[in-house]
Amino acid sequence: MAGSGGEHVVGTRARLAALLTDASTSALGVAGGGVAGVYLRSGTPGLLRLAVLCGLPGPLFRPWWRLHVGRPFPVADAYRLGVRVVLANAAETVRRYPQFAAGLPFPLGSVHIPVPGGSEPLGVLTVLRPAETDTPAGELDQELLARIAEGLGAELLALAAGDASAIVWDAEPLGVRPPSSRPVRAGVGRFSWDPETRAVHADDCLHGLLGLRPGEFAGTDTALADAVAPLDAGRILAALRETAAGKPPGAPLSLRAPDGTPRLLDLWPATEESGGRVGGVVFDPGPGAAADGAADLLPQGVFCLDRLGLVVYVNEAAVRLTGRERDLLLGRPLWEALPWLTGPPYDDHLRGALLAADPVHFHAQRPAGAGGEPGGGDWLAVSAHPGADLLTCTLVPASRMETPVGPVSEAQPPKSPPDHSMTPLYRPIALAIALTDAVTARQVSAVVVQELLPAFGGRRLAIYVLQDRHLYLAWETGFPQGFLAPFEGTGLDAHLPGVECLTTGRPLFFESMQQMAAAYPGMPLDADEGARAFLPMIASGRPVGSCILGFDGRRSFSTEERTVLTALAGLIAHAMERAQRYDSEAALARGLQQALLPHRLSAHPRVETAGRYLPGTQGMDVGGDWYDVVEAGDGIALVIGDVQGHGVQAAATMGQLRSAVRAFALGDRPPDEVMSGTNRLLIDLDPGQFASCCYLRLDPATGRAVVARAGHPPPLLRCPDGSTRVLDLPGGVVLGVDPHARYPVAGLLLEPDAILALYTDGLVERPGADIDDGITALRLALGRAGAAAGQRGGRSLAGVADRLTATARLATDRPDDVALLLAARRSARPSGP
């Protein structure tokens, strides 16, 4: 039984791999792209993981392997909002998603299609494609891409039937080679063989070379021999056994593929490092073998990478220049074969060549002793020339003048190896991008800690902001507790470096604490050693504050570092200034919202109501949620709604919608007319926003109610017997989208002492979690809260409302605001004698 379960898991994963492969390669062809992939939900709530990548080596896309659904990236928006995100070119990408554009600063367009799967997407199908110039984005066949995503979603749901974890992805992405645009010039695949179990582990390249789809290879030595050269299967098996016995063939075996083309098989004995497994390489020269032979004669080093990053060709000059034997290069990923040619900034160069399809030229230093040979440490001029299927790289000693290397004009190597640990020239870009999402002083400071300190090896940070000609601490980290307290509220006439750098506009750098003590005698110091940098934060000529960086040990500051740090301080100043404006806007929005929310609810002797509102705690902490109770003829109307977005605009739109609904309700209009009229009003106002709403008209005498919904979560009902249920009522689309939308009306009966709950999605929705699970949790909490209220003998709904919002009230990371409206119809009091 255990074996059967294991085989089922393996079969399921193989089927999943095949589905992802088919979807990505199909999307690549439809969109005319160069790279395609599929993101799936992971085991971590709110986190998407790249499950398959077609057309680009996985390590070159590593920064985007994991994406949180709340981040400002097109994949996250496509998943979270369930909409297509189509970016025609780099300009549109920069405008809408600056962080994504900064990581891939190439002339690209992209398409991101949610993979449907019920209440929320299962993932996102994404394609990077050439930027559109003359061709408008509308001509992209989005519908065909959507059908591919829908087909994948249906297959995934079928695969996950009875086991949702089957389509959860927590591993590295599968690498898929895109369909070749022409005959492949050469193919190399690697494998290992366990003599004891006879199991064969083949890499993806070998699967492709042998024409095997994921899951089709049985994984045995017999299956390998039959796939490589069925007429020579006996020779292959014999060679494997002899190699395991320590007698490998003296030269690669010359074999014939099933179609008669030549193939080579090279084997080497097992070692302790290989875990006792025999290693092997299958080489298929292909129709370009003669050309490869000619490349072997070139004085330049030449090697080729396929779209998975595997070395598929290397000439003799490249073997010599890299200091690596051919069998340590062929069939291996570049990151394993030549690790010194990977990582920043080399990954950026290779990514640019593959995505932008333009040659790149740069210098790289081969470390001393690379490959185990003496010497090394030489500089090489590298050129990477992209092709449809291969990336061809050339290597030339940087000191050689007689061999042309294209635009690489620097014949002599750099004076010193580049310092990739700091790369300060890139920090202004990275920090500026990260600061675009920071809207409060605290968030700005947190970004500085994450982006600035690691880049320069800093350990301490203090940010002071200027208010009324005094400096006040906005953020600190790394300083001894209480050390900065005496400096709080320092005036601009104080003889202190943090003040003088701001008043003069010039940064101050001290290589040690002794140097600073000599310049400012008597100033309190927090350590005996350590460098300090005092940076003025000035935005558009206006002083904003000071930024102080501290280092544990002595250090000097190069001219480049001083320039970059000063520029970074300017970026921080602009962000802090924006944060101060945000605080003012937030205060205005809070005041506007408090003025628009009802201070008291309309009362009726037979109906008790209770409402609660909690603002979000992330970003602009006011939004467009509202609730209301309005007299409607001889009954009352219960209303709850949610305007998309946050800030002054959302609060203002909420106020307009609340007024409109009240006007319709006071005229005792039917619920469907209320929704339709409010929908048309929102479209006419054209605020660029939409809203959800639920409107219920209740007759207190009979308990009969009629309801209309516009894209709003379903109400909950706690019956007098203590049971709870979700009122799955029909509804229409959200307000503000379709001027001809219709809103069906449903009826329900509110029994005496039953509790009706209307709420917004902020109370039940969490990033990465299913909203249905949140609604279920709220339904159960309503049952418990109602029971507790009944046990206390009270009839007030206030306690129930407080219990239902208690968890949300305590949360410090609430992404959305919360509104809750409860209503209960009370039994008629018996008449007196």
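# Exercises on a predicted model

Let's warm up with Val 733: its relative accessibility is 41%, so it counts as partly exposed. Keep in mind that this is a predicted model.

## Exercise 1: A patch on the surface

Find out which residues join Val 733 in a nonpolar patch, and where Val 733 sits in the chain.

*Solution.*
- Step 1: Look for the partners. Phe 690 and Val 737 make up the nonpolar surface patch together with Val 733.
- Step 2: Check how much area they offer. Together, the three have about 250 Å² of accessible area.
- Step 3: Place Val 733. You'll find it in the loop between strand 30 (724-726) and strand 31 (745-749).

## Exercise 2: How covered is helix 12?

Work out how many residues of helix 12 are buried, and name them.

*Solution.*
- Step 1: Mark the helix, which runs over residues 346-356.
- Step 2: Count the buried residues, using the cut-off of under 20% relative accessible area. You get 9 of 11, so helix 12 is mostly covered.
- Step 3: Name them. The start of the helix gives Tyr 346 and Asp 347, and further along come Leu 350, Arg 351, Gly 352, Ala 353, Leu 354, Leu 355 and Ala 356.
- Step 4: Peek just past the end. Ala 357 has a positive phi of about 60 degrees.

## Exercise 3: An arginine in a loop

Decide whether Arg 332 is buried or exposed, and list what it touches.

*Solution.*
- Step 1: Locate Arg 332 in the loop between helix 10 (316-322) and helix 11 (334-337).
- Step 2: Read its relative accessibility. The value is 15%, so Arg 332 counts as buried.
- Step 3: Collect the contacts, skipping residues up to four places away in sequence. Arg 332 touches Arg 190, Gly 309, Leu 310, Val 311, Asp 327 and Ala 337.

## Exercise 4: Hunting for disulfides

How many disulfides does a search of the whole structure find? And why does Cys 694 not bond to Cys 693?

*Solution.*
- Step 1: Recall the chemistry. A disulfide is a covalent bond between the sulfur atoms of two cysteines.
- Step 2: Run the search over the whole structure. The count is 0.
- Step 3: Test Cys 694. Its closest cysteine sulfur belongs to Cys 693, but the gap is 7.0 Å, which is too far for a bond.
- Step 4: Check the surroundings. Cys 694 is buried at 1% relative accessibility, and Cys 54 is buried too, at 0%.

## Exercise 5: Pairing up charges

Examine some of the 19 salt bridges in the structure, asking which parts of the chain they tie together.

*Solution.*
- Step 1: Start from the basic idea. Side chains of opposite charge can pair when their charged atoms come close.
- Step 2: Take Arg 84 and Glu 143, whose closest N and O atoms are 2.9 Å apart. Arg 84 is in the loop between helix 2 (74-81) and strand 4 (85-87), while Glu 143 is in helix 5, so their salt bridge ties together parts 59 residues apart in sequence. Arg 84 is partly exposed at 34%, and Glu 143 is partly exposed at 45%.
- Step 3: Try Asp 802 and Arg 612, which form a salt bridge at 2.8 Å, N to O. Asp 802 belongs to helix 21 and Arg 612 to strand 24, so this pair ties together parts 190 residues apart in sequence.
- Step 4: Turn to Arg 235 and Asp 232, with 3.9 Å from N to O. Here Arg 235 is partly exposed at 40%, whereas Asp 232 is buried at 16%.
- Step 5: Finish with a network. Salt bridges link Glu 608, Asp 753 and Arg 826.

Notes
Residues are numbered from 1 along each chain as its sequence is written. This is a predicted model: local features need pLDDT of at least 70, side-chain atom pairs count only at pLDDT 80 or more; totals for chains, interfaces and linings use all residues. Side-chain values use heavy atoms; hydrogens and water are left out. Buried means under 20% relative accessible area, exposed over 50%, partly exposed in between (1.4 Å probe, protein chains only). Helices (H or I, at least four residues) and strands (E, at least two) are DSSP runs, numbered from the N terminus. Patches are made of residues with over 30% relative accessible area and no salt bridge: like charges are joined within 9 Å, nonpolar side chains (Val, Leu, Ile, Met, Phe, Trp, Tyr) within 5 Å. Accessible areas come from the Shrake-Rupley method with a 1.4 Å probe; for residues, only the protein chains shown count as cover. A salt bridge is a side-chain nitrogen of Lys or Arg within 4 Å of a carboxyl oxygen of Asp or Glu. Contact means heavy atoms within 4.5 Å. A disulfide is a pair of cysteine sulfur atoms within 2.5 Å.
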